[in-house]
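Me: I am new to this structure and would be grateful for a close look at a single part of it. Please take the helices that follow one another towards the later part of the chain, and describe how they meet.

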Amino acid sequence: MASIQVQGVTKHYGSKRLFEDVLVNFSDGRRYGLTGPNGAGKSTFMKILSGDLEPDNGSVHRPEKTSVLRQDQFAFEDQRVLDVVICGNKKLWAAMTEKNTLLEKETLTDPEGERLGELEGVIAEEDGYSAESEAATLLEGLGLTTVDHERPMRELPGGLKLRVLLAQALFGKPDALLLDEPTNNLDLDTIRWLERFLNAYEGVLVTISHDRHFLNEICTHIADIDYETIIVYPGGYDEMVMAKSQVRSRIEQENSERSRKIEQLQDFVAKFGAGTRASQVQSRKKQIEKLALSDLKKSNIARPYIQLLVKKPSGKQTLTIERLSKSFPEIPIVKNFDALVTKGEKIAIVGRNGVGKTTLCRMLSGDLTPDTGTLTWGHQVSVGYLAQDHSEGIPKDTTAAEWLHSVDPTAGVQDIRGLLGKMLFAGEEGKKPTAALSGGEAVRLLFSKLMLTKDNVLVLDEPTNHLDLESIVALGDALMRYEGTAFVVAHDRELISQFATRLWAFTSEGLVDFKGSYDAFLEQSEAAAAAAAPKKKKK
């Protein structure tokens, strides 16, 4: 049975303790989601599991055939894409490479001939004769065309390179699979393919993801990093949140009851400690010792409070689009698109990577002009824009608090400090230089800006990038409460299902305007695909 056994693992960074004396077993046939907020130590723990990082104390025992999703997209620049995938099975790749070296020789010695036979056996055991077919199937599932399979890696854009590395990790039926953010750079269709693949996977899987739907869909268990340890909960992410909340509430209630009882006993001791009831006082002191409060380590869970208000409402007809067309340079992004958007609609913009979602957002924000057609904003419209490259909107030569004050000079110091506190910039963190912000901090600061400007239209291009699960939940709640109009590019299906009242979907038929929920859109798309599929003839 293949499993990953973690025994007494401890890891510190300076004075910060990530986890202490972790004892956990990841069992064969189960799929674990590794969760915790940004900074909790998820990627650090994953590196310890893979053997890329040594713990301060403790040990990890993993199967020999453990596969890890690597993020170094420039490690295989001169290799053929198919070969990069096959490299995922190290034993097979080593045997194939050695075999090819031997076959290049004009003559073989007897020992070399025997070695060639041994290598043929290894290749057969590792399914080497169907390796290219298996690699091609993985690549196609992850959205790479057959033309891409024969290219050297250097010819692929960064997003596709990362998909090749994901195919490499999935290749060769590993006993254990470690995936850190496998849905990054994947569109919704490809994420659904990955879910089907992982649900059929028979080894032990540990994955990190900020996609709640993905975790709910594939996980049999959640391993949550909190209270300086790892607690394993059965079920998906939503079940973990419920169970964790119940456990925490129960312990806090028990501690509250103990605290009241201790106060009563202490009052008795203080009142009669010097009197004649010495035996009763000693009895009360012993009870106090027995009722010592449970040692509750502080939870690292923190959720920002995103409050997207509207300073002035827009007119009812917020946006009119007529005959909108845009191409780059010969690829059509949008062609003759018409739409009328009214106040309060929440539009999710969805589609495969590279089809033009960001281009559409830039036209909505005014950063880019269409080739033909018009976008006409209605009365008193004020547009707040969050670009996909989140660093674009923040200058590098200031601090978080100073920049927000420059956005709204009328805001007082306490107003700015309170706003930053809501967005998890506690205490002196508001003085942090903007050049030193992490990805998650930059996104939270940009939302702080939008909370100041109070625009009645929001254009958000992949706002969930760099956000942890708690922040994504907070964003979903904020978009639902928002009284303005929103256009949001996202690959988080739980988020889309939560806020979207309408979809603009890039499909093979062009940009489709669907008035309804994301779930209704999926049902219609699947029904259309089923109707278009060739029917089997009855015998």
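Reply: The account below follows three helices through their two crossings, then the loops beside them, and closes with two other helices for context.

The model is a predicted one. The part in view begins with helix α13, which covers residues 400-407, and helix α14, which covers residues 413-422. Their axes come within 10 Å and cross at roughly 120°. An angle over 145 degrees would count as roughly antiparallel, and one from 65 to 115 as roughly perpendicular; α13 and α14 are therefore oblique to each other. The crossing in which α13 passes α14 is right-handed. On the side of α13, the contact is made by A400, A401, L404 and H405, while α14 contributes I416, L419 and L420. Sorted by class, this contact of α13 with α14 holds six nonpolar residues and one polar residue, with no charged residues.

The second crossing involves α14 again, now with helix α15, which is formed by residues 439-453. The axes of α14 and α15 come within 10 Å and cross at roughly 130°. This pair, too, is therefore oblique, and the crossing of α14 and α15 is right-handed. Here I416, L419, L420 and K422 of α14 meet L445, S448, M451 and L452 of α15. By class, the contact of α14 with α15 has six nonpolar residues, one polar and one charged. I416, L419 and L420 thus take part in the contact with α13 and also in the contact with α15.

The loops beside these helices hold two residues with a notable backbone angle. Most residues other than glycine have a negative phi. L424 is not a glycine, yet it has a positive phi of about 70°. This leucine is placed in the loop between α14 and α15. With a relative accessible area of 27%, L424 is partly exposed, because that value lies between the 20% limit for buried and the 50% limit for exposed. K454 likewise is not a glycine and has a positive phi, of about 55°. The lysine K454 sits in the loop between α15 and β15, the latter being residues 457-461. K454 is partly exposed as well, with a relative accessible area of 31%.

Further along the chain, helix α16 takes in residues 469-481, and G476 lies within it. G476 is buried, with a relative accessible area of 0%. Leaving aside neighbours within four places in sequence, G476 is in contact with L495 and Q498. The C-alpha atoms of G476 and I496 are separated by 8.2 Å, although these residues are 20 apart along the chain.

Another helix, α7, may serve as background. α7 consists of the 13 residues 158-170, and at 1.5 Å a residue it should span 18 Å; its end C-alpha atoms are 19 Å apart, which agrees. This helix is mostly covered, with ten of its 13 residues buried. Among the buried residues of α7 are K161, R163 and Q168, along with L162, V164 and L165. Their cover includes the strands β5 (66-68) and β6 (176-180), together with the helices α2 (81-86), α5 (131-141) and α8 (188-200). Just after α7, G172 takes a positive phi of about 85°.

Key. Residues numbered from 1 in each chain as written. Predicted model: local features only at pLDDT ≥ 70, side-chain atom pairs only at ≥ 80, totals over all residues. Heavy atoms only, no water. Axes fitted to C-alpha atoms, helices over the stretch in contact; angles between N-to-C directions. Helix = DSSP H or I, 4+ residues; strand = E, 2+ residues; numbered from the N terminus. Parallel < 35°, antiparallel > 145°, perpendicular 65-115°, else oblique. Left-handed = near helix turned anticlockwise from the far one by under 90°. Contact = heavy atoms within 4.5 Å. Nonpolar A, V, L, I, M, F, W, Y, C, P; charged D, E, K, R; others polar. Expected span 1.5 Å × (residues − 1). Buried < 20%, exposed > 50% of the residue type's maximum accessible area, 1.4 Å probe, protein only.
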